[in-house]
Amino acid sequence: MSLVPCRACEHRVDTSALACPQCGATDPGKKISRQQRNAISFVVQLIVWLTLLGYGGSYLWNTVAPMVRQYVAKPQSDQAPANRP
Ligand SMILES: [Zn+2]
């Protein structure tokens, strides 16, 4: 528990205060507002998911797709070479 200046009006407020008693700013003790934090965490999650999807997608494309192609191609030609381009 400590007092910090409100990020909006510099009024001394507790770090755990939900709103500034002087100007009403939300989370006055934090550098950024809750909305900004939510937006940032949303963007971070989006980047993480896109990265995972990118890795997962390329993994599927490089690993599963050739197997599927091989499996699909099998009935037409059993003599097909193992390493197809
Ligand atoms: Zn304030």
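Trainee: What is the relative accessibility of Cys 23?
Mentor: The model is predicted, so local features need pLDDT of at least 70 and side-chain atom pairs 80 or more, while totals for chains, interfaces and linings use all residues. Residues are numbered from 1 along each chain as its sequence is written, and side-chain values use heavy atoms, without hydrogens or water. Buried means under 20% relative accessible area, exposed over 50%, partly exposed in between (1.4 Å probe, protein chains only). Cys 23 counts as partly exposed, because its relative accessibility is 40%.

Trainee: Is Cys 6 buried or exposed?
Mentor: Look at its relative accessible area, which is 0%. With that value, Cys 6 is buried.

Trainee: Which residues coordinate the zinc ion?
Mentor: Donors are N, O and S atoms within 2.8 Å of the metal (3.2 Å for Na, K and Ca); water is not among the atoms, so sites may look incomplete. Here each donor is an SG atom, at 2.2 to 2.3 Å. The coordinating residues are Cys 6, Cys 9, Cys 20 and Cys 23.

Trainee: What is the arrangement of the four donor atoms around the zinc ion?
Mentor: Four donors count as tetrahedral if all angles lie between 85 and 135 degrees. Around this zinc ion the angles are 108 to 111 degrees, which makes the arrangement tetrahedral.

Trainee: How are the donor residues of the zinc ion spaced in sequence, and how many residues apart are the parts that Cys 6 and Cys 23 tie together?
Mentor: The donor spacing is C-x2-C-x10-C-x2-C. Cys 6 lies in the loop between strand E1 (3-5) and strand E2 (12-14), and Cys 23 in the loop between E2 and helix H1 (34-73). The pair therefore ties together parts whose separation in sequence, in residues, is 17.

Trainee: In what order do the elements of the chain run?
Mentor: Helices (H or I, at least four residues) and strands (E, at least two) are DSSP runs, numbered from the N terminus. The chain has one helix and two strands. From the N terminus on, the order is β-β-α.

Trainee: What share of the residues in the chain is buried?
Mentor: The chain has 85 residues. Of these, the buried share is 12%.

Trainee: What share of the contacts with a separation of 6 or more joins residues 24 or more positions apart?
Mentor: Contact means heavy atoms within 4.5 Å. Count the contacts in the chain with a separation of 6 or more; residues 24 or more positions apart account for 6%.

Trainee: What is phi of Glu 10 near?
Mentor: Most residues other than glycine have a negative phi. Glu 10 is found in the loop between E1 and E2, and is exposed at 54% relative accessible area. Its phi is positive, near 70 degrees.

Trainee: Is Asp 27 buried or exposed?
Mentor: Asp 27 is found in the loop between E2 and H1. Its phi is also positive, near 45 degrees. The relative accessible area of Asp 27 is 3%, so this residue is buried.

Trainee: Which residues is Asp 27 in contact with, leaving aside its neighbours within four places in sequence?
Mentor: Set those neighbours aside. The contacts of Asp 27 are then Arg 7, Ala 17, Leu 18, Ala 19, Ser 33, Arg 34 and Arg 37.

Trainee: How far apart in space are Ser 16 and Val 4?
Mentor: Ser 16 lies in the loop between E2 and H1. At 44% relative accessibility, Ser 16 counts as partly exposed. Ser 16 and Val 4 are 12 residues apart in sequence, and their C-alpha to C-alpha distance is 9.9 Å.

Trainee: Which residues is Arg 12 in contact with, beyond its neighbours within four places in sequence?
Mentor: Arg 12 is found in strand E2. Its C-alpha atom is separated by 9.1 Å from that of Gln 22, 10 residues apart along the chain. With those neighbours left aside, the contacts of Arg 12 are Leu 3, Val 4 and Pro 5.

Key: Four donors count as tetrahedral if all angles lie between 85 and 135 degrees; four count as square planar and six as octahedral if opposite donors are over 155 degrees apart and all others between 65 and 115; anything else is irregular.
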